[in-house]
Amino acid sequence: MNGHRKSDRPIVPEKHLNNGSLNGQPAEGVEERGLTKKNPMTPHMYRTQGRERMQMGCDRVRKAAQRDKGLRFTSLFHHIANKDTLREGYYRLNRQAAPGVDKETWKSYGRELESNLEGLCGRLRRGAYRAKPVQRAYIPKMDGRLRPLGLTVLEDKIVQQATVTVLNAIYETDFLGFSYGFRPGRNPHQALDALAIGLERKRVRWVLDADIRGFFDAISHEWMIKFTEHRIGDQRVVRLIRKWLNAGVLEDGKLMHPDGGTPQGGVISPLLANIYLHYVLDLWTHHWRRHDARGEVIIVRYADDFVVGFQRKEEAERFLSELRSRFANYGLELHPGKTRLVEFGRWACINRAKRGEGKPETISFLGFTHICGKTKKGWFQVRRITERKRMIAKLKEVKAELAHRWHDPIPEVGRWLGSVVRGHCQYYGVPLNYQAIDHFRRSIRWLWRRALERRSQRAKVKNERMKRIAERWLPTAHICHPYPNQRLCVNIQGRSPVR
């Protein structure tokens, strides 16, 4: 017989538990066989355990914040200067983001992640951590101007992300329900649904479509620290925020230290913006409509873009006047060209028709133009269509990119254009907006055909061929989102969508 007898079989060492051996090696090494190909030597169990410890700490902070709305937290820094929290912050960062002044990328920093985090954690605990300047960059806006962005170094992003994780446990219990911008578990479509439901179900006749001029550059550092200290009593955390606010901006080789503002693009900037507007706008508006308004008032805010609806015109005008005065006290200003008080709502069509003023004006919010419409049964309905300038700006961007891809293979260009159309439908694919997103797809198809024909003076793309190419690579226009009343009523579970 060719087999081994039971007594001749090799003795297998006793197997340890699957959490690794005492020297930190994986359990596979105990069984005397090689590791799986490309399997790293360092076990990854620590990331799961670290996340659990971090979540437990944040849960304790959240429960304390819920129990006492006036509590000032005097011991938070140990949650931030923690290797588990910093590691989780590293993995939450955008891996493709542009590097800062130190040219450190996410991938290069991760090659020696544990040693780098150990050094960063030690500097935080010793007080030796220093925030580096922010690299200034500009991106074009739809109106032709340039929007300033700040490119933060990677280690600052890691510490900022860890700080955001801890502070969110406090401020998510404080922020009001009508604030939707840059908050975990919230997105622009929830804000759009809340606005549509508020306009349709509340007695709204006048709408204030407001925008804050240069908000991120106008934030007062002094007021920002005062607002933060309402809840944060740990001066080590406050000093971190001061360091980021005063780190300076590097532009064209010159280091500048502006008196105010927080750079757009920083990880901590959205949270600081929400804290600032929470005290300047949200709490004041909430108190105003409960104690000063006689009619119904709704508000929906997404970052620095907000819409307020009123039942009475005189209250809307009084609110706008008082809001300008309040903003002036905190260094803010309403944008004169983007702030309008318009007649909008269920009775706007009737009232304007009686006065011979034509159709009601429209309002713009989060890339959509909101129009007073009616259902087939004649009920009032808010129609949302793609904002024209947003669509034109995107088509111009696609046209410019196609000029650099004329000689690229059709499958490569098709995959890129397919992602553009798919992303457009996922955002703008709301009910009653099919014609706009279908027009966008047809415009993309026409631009692609023009680009293919410009490959050569003799190149002509027939309709049949272009139809096959478009069907192969461009997804069809379709509605991705339900009606606001179907989705919002499930999400809020009986709570008011605008309160």
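F182 is found in the loop between helix 6 and helix 7, where helices (H or I, at least four residues) and strands (E, at least two) are DSSP runs numbered from the N terminus. The model is predicted, so that local features need pLDDT of at least 70 and side-chain atom pairs count only at pLDDT 80 or more, while totals for chains, interfaces and linings use all residues. Residues are numbered from 1 along each chain as its sequence is written, and side-chain values use heavy atoms, with hydrogens and water left out.

Although F182 is not a glycine, its phi is positive, at about 55°. F182 is partly exposed because its relative accessible area is 46%; buried means under 20% relative accessible area, exposed over 50%, and partly exposed in between (1.4 Å probe, protein chains only). A positive phi of about 55° is also found at L366, again not a glycine. L366 is placed in the loop between strand 9 (363-365) and strand 10 (368-374). With a relative accessibility of 11%, L366 counts as buried.

Helix 7, which follows the loop of F182, contains Q190. Q190 is buried, its relative accessible area being 16%. The C-alpha atom of Q190 is separated by 8.5 Å from that of R487, although their positions lie 297 residues apart along the chain.

The structure holds 27 salt bridges, a salt bridge being a side-chain nitrogen of Lys or Arg within 4 Å of a carboxyl oxygen of Asp or Glu. Side chains of opposite charge can pair when their charged atoms come close. One of the salt bridges joins K69 to D174, with the closest N and O atoms 4.0 Å apart. K69 lies in the loop between helix 1 (45-67) and helix 2 (77-80), and D174 in the loop between helix 6 (154-171) and helix 7 (188-201), so the pair ties together parts that are 105 residues apart in sequence. K69 counts as partly exposed at 47% relative accessibility, whereas D174 counts as buried at 14%.

A further salt bridge is formed by the side chains of R203 and E296, at 3.8 Å from N to O. Because R203 lies in the loop between helix 7 and strand 3 (206-211) and E296 in the loop between helix 11 (269-291) and strand 6 (297-302), this pair ties together parts that are 93 residues apart in sequence. R203 has a relative accessibility of 45% and therefore counts as partly exposed.

The side chains of E357 and R352 also meet in a salt bridge, with an N to O distance of 3.6 Å. In this pair E357 is partly exposed, at a relative accessible area of 40%, and R352 counts as buried, at 11% relative accessibility. Elsewhere, K83, D84, R87, E114 and E118 are joined into one network by salt bridges that share partners.

On the surface, K396, K399, R450 and R454 gather in a patch of positive charge. Patches are made of residues with over 30% relative accessible area and no salt bridge, like charges being joined within 9 Å and nonpolar side chains (Val, Leu, Ile, Met, Phe, Trp, Tyr) within 5 Å. Lys and Arg count as positive and Asp and Glu as negative, with His and the chain ends not counted; the place of a charge is taken as NZ of Lys, CZ of Arg, CG of Asp or CD of Glu. Accessible areas come from the Shrake-Rupley method with a 1.4 Å probe, and for residues only the protein chains shown count as cover. Within the patch, K399 belongs to helix 14 (residues 388-403). K399 counts as exposed because its relative accessibility is 54%.

Another lysine, K467, lies in helix 17 (residues 463-473). K467 counts as partly exposed, with 46% relative accessibility. K467 and R445 are 22 residues apart along the chain, and their C-alpha atoms are separated by 8.8 Å.

The structure holds zero disulfides, a disulfide being a pair of cysteine sulfur atoms within 2.5 Å. C349 is in no disulfide, and the nearest cysteine sulfur, that of C372, is 5.1 Å away. From the side of C372, the closest cysteine sulfur is that of C349, and the 5.1 Å between them is too far for a bond. C349 is partly exposed, with a relative accessible area of 29%, whereas C372 is buried, at 15%.
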